[in-house]
Amino acid sequence: MRLIGHRGARSEAPENTLSGFRYLRALGVRAVEFDIHLSADGELMVIHDAELSRTTSGHGLVREHSAAELAALDACHQPAHKGFAPWPKREGVPTLAQVLTELYDFTHIELELKVRHEDDEAAVVAALPAIWQRFNLSGRARCTSFNPRLLHRLQQQAPELPRGFLVEDSFAGDIVQVAQALGYDAIGPHANLLTVELVTQAHAAGLWVSTWTVNDHQRALELAAMGVDGLITDTPTLAKSWLSWSA
């Protein structure tokens with residue numbers, strides 16, 4: 001089972017920042033999940049929210065600011081999150097290219113595509129194949145999303161890129177059936193949805209199973225026993241100790 005840092009190491013370092021990804025590497029973890037939005041000038045940016053105020057010094061929508069404007073913000077001062085001490089370094093919102101340059105030695109990368117506007121979806125899908133080639137992501141990365149329309153666009157225009165279907169804990173359908181029907185490679189159900197039966201069914205269908213966001217000791221052990229392939233956590237330091245995990 002892969003231990004996957006959520007937005008880097010969200011409860012231990014500023015999320016979706018170069019500092020956070022470096023922190024994760026220092027722990028010996030080489031698997032990560034992070035989020036992608038589009039800037040006003042068409043750059044793929046690594047940030048979770050569509051709006052800036054929770055995790056940066058800025059305000060307004062990501063898609064209303066240029067990449068240069070986003071880079072000028074402070075994304076390491078995240079006052080809404082009380083999980084770690086004030087960060088000593090100031091960094092802006094990074095581009096996807098900056099992050100992938102930093103993650104040159106990571107062996108598992110999940111890129112969650114957060115965009116919702118159709119024009120933004122088209123721009124992201126158009127950009128991804130060249131990024132895949134430039135950063136040698138084949139075999140070590142996957143695009144994930146809660147947005148089936150976006151995943152369908154990706155299938156139509158870049159079928160060579162692996163895709164994972166993210167599922168909230170309120171989802172009431174047959175996750176594996178949906179994933180198979182839409183040609184996905186993986187599923188990412190909320191941890192509350194997972195059962196031994198679901199994991200077994202997914203594996204029988206050839207699907208990778210990663211789950212989020214697991215910050216509880218007992219649930220982490222239960223999920224490991226079920227045979228999940230990837231466990232996404234905000235607290236990789238604790239998760240390593242729970243699972244007697246090593247790189």
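**Exercise 1. Helix H1 and its surroundings**

Which residues are buried in helix H1 (residues 18-26)? Identify the elements against which they pack, and describe the residue Gly28 that follows the helix.

*Solution.* The model under study is a predicted one.

Step 1. The buried residues of H1 are Leu18, Ser19, Gly20, Phe21, Leu24 and Arg25.

Step 2. These buried residues pack against three strands and two helices, namely S1 (2-6), S2 (31-38) and S3 (44-46), together with H3 (96-102) and H9 (236-242).

Step 3. After H1 comes Gly28, which has a positive phi near 90°.

**Exercise 2. A charged residue in H1**

Determine whether Arg25 is buried or exposed, and list its contacts beyond the neighbours within four places in sequence.

*Solution.*

Step 1. Arg25 belongs to helix H1.

Step 2. The relative accessible area of Arg25 is 15%. Buried means under 20%, so Arg25 with its 15% is classed as buried.

Step 3. With neighbours within four places left aside, Arg25 touches Arg30, Glu102, Leu103, Tyr104, Asp105 and Phe106.

**Exercise 3. Overall form of the chain**

Characterise the secondary structure, the compactness and the surface of the protein chain.

*Solution.*

Step 1. Nine helices and nine strands make up the secondary structure of the chain.

Step 2. The radius of gyration is 17 Å, close to the 18 Å given by the globule rule for 247 residues; the chain is therefore as compact as a globular protein of that length.

Step 3. The C-alpha trace extends over about 50 × 40 × 35 Å along its principal axes.

Step 4. Of the 247 residues, 56% are buried. The accessible surface amounts to about 10500 Å², and carbon and sulfur atoms account for 52% of this surface.

Step 5. When contacts between residues at least 6 apart in sequence are considered, 57% of them join residues at least 24 apart.

Step 6. The chain carries 21 positive and 30 negative side chains, with 4 Å between the centres of the two sets.

**Exercise 4. The nonpolar cores**

How many residues does the largest nonpolar core have, and which helix gives the most to this core? Trace the contacts of Leu128 and Leu161.

*Solution.*

Step 1. The largest nonpolar core has 60 residues, and Phe34, Leu96, Ile109 and Leu128 have the most contacts inside it.

Step 2. Helix H4 (residues 118-134) gives the most to this core, contributing five residues.

Step 3. Outside its neighbours within four places in sequence, Leu128 is in contact with Leu44, Leu113, Cys143, Leu154 and Leu161.

Step 4. A second core, separate from the largest, consists of nine residues, including Ile47, Val62, Leu70 and Val93.

Step 5. Leu161 sits in the loop between helix H5 (148-157) and strand S6 (163-167). Its relative accessible area of 3% makes Leu161 buried.

Step 6. Beyond four places in sequence, the contacts of Leu161 are Leu128, Pro129, Trp132, Leu154 and Asp185.

**Exercise 5. Two residues with positive phi**

For Asn16 and Asn136, decide whether each is buried or exposed, and state the value of phi for Asn16 and Asn136.

*Solution.*

Step 1. Most residues other than glycine have a negative phi.

Step 2. Asn16 has a positive phi near 55°, and Asn136 has a positive phi near 50°.

Step 3. Asn16 is placed in the loop between S1 and H1, while Asn136 is placed in the loop between H4 and strand S5 (141-145).

Step 4. Asn16 has a relative accessible area of 3% and is buried. Asn136, at 57% relative accessibility, is exposed.

**Exercise 6. Contacts and separations**

Locate Leu243 and Ala40, and give for each its contacts and one separation in space.

*Solution.*

Step 1. Leu243 lies in the segment after H9 and is buried, at 18% relative accessibility.

Step 2. Apart from neighbours within four places in sequence, Leu243 is in contact with Met1, Leu3, Ala220, Leu221 and Ala224. Between the C-alpha atoms of Leu243 and Val124, which are 119 residues apart along the chain, the separation is 36 Å.

Step 3. Ala40 is located in the loop between S2 and S3. Its contacts, neighbours within four places again excluded, are Val62, Arg63, Glu64, His65 and Ser66.

Step 4. Ala40 and Glu197 are 157 residues apart in sequence, and their C-alpha atoms are 44 Å apart in space.

Key: Residues numbered from 1 in each chain as written. Predicted model: local features only at pLDDT ≥ 70, side-chain atom pairs only at ≥ 80, totals over all residues. Heavy atoms only, no water. Helix = DSSP H or I, 4+ residues; strand = E, 2+ residues; numbered from the N terminus. Rg over C-alpha atoms; globule rule 2.2 N^0.38 Å. Buried < 20%, exposed > 50% of the residue type's maximum accessible area, 1.4 Å probe, protein only. Contact = heavy atoms within 4.5 Å. Areas by Shrake-Rupley, 256 points an atom, 1.4 Å probe, with all protein chains shown as cover. Lys, Arg positive; Asp, Glu negative; His and termini not counted. Charge placed at Lys NZ, Arg CZ, Asp CG, Glu CD. Core = buried A, V, L, I, M, F, W, Y, C linked by side-chain atoms within 4.5 Å.
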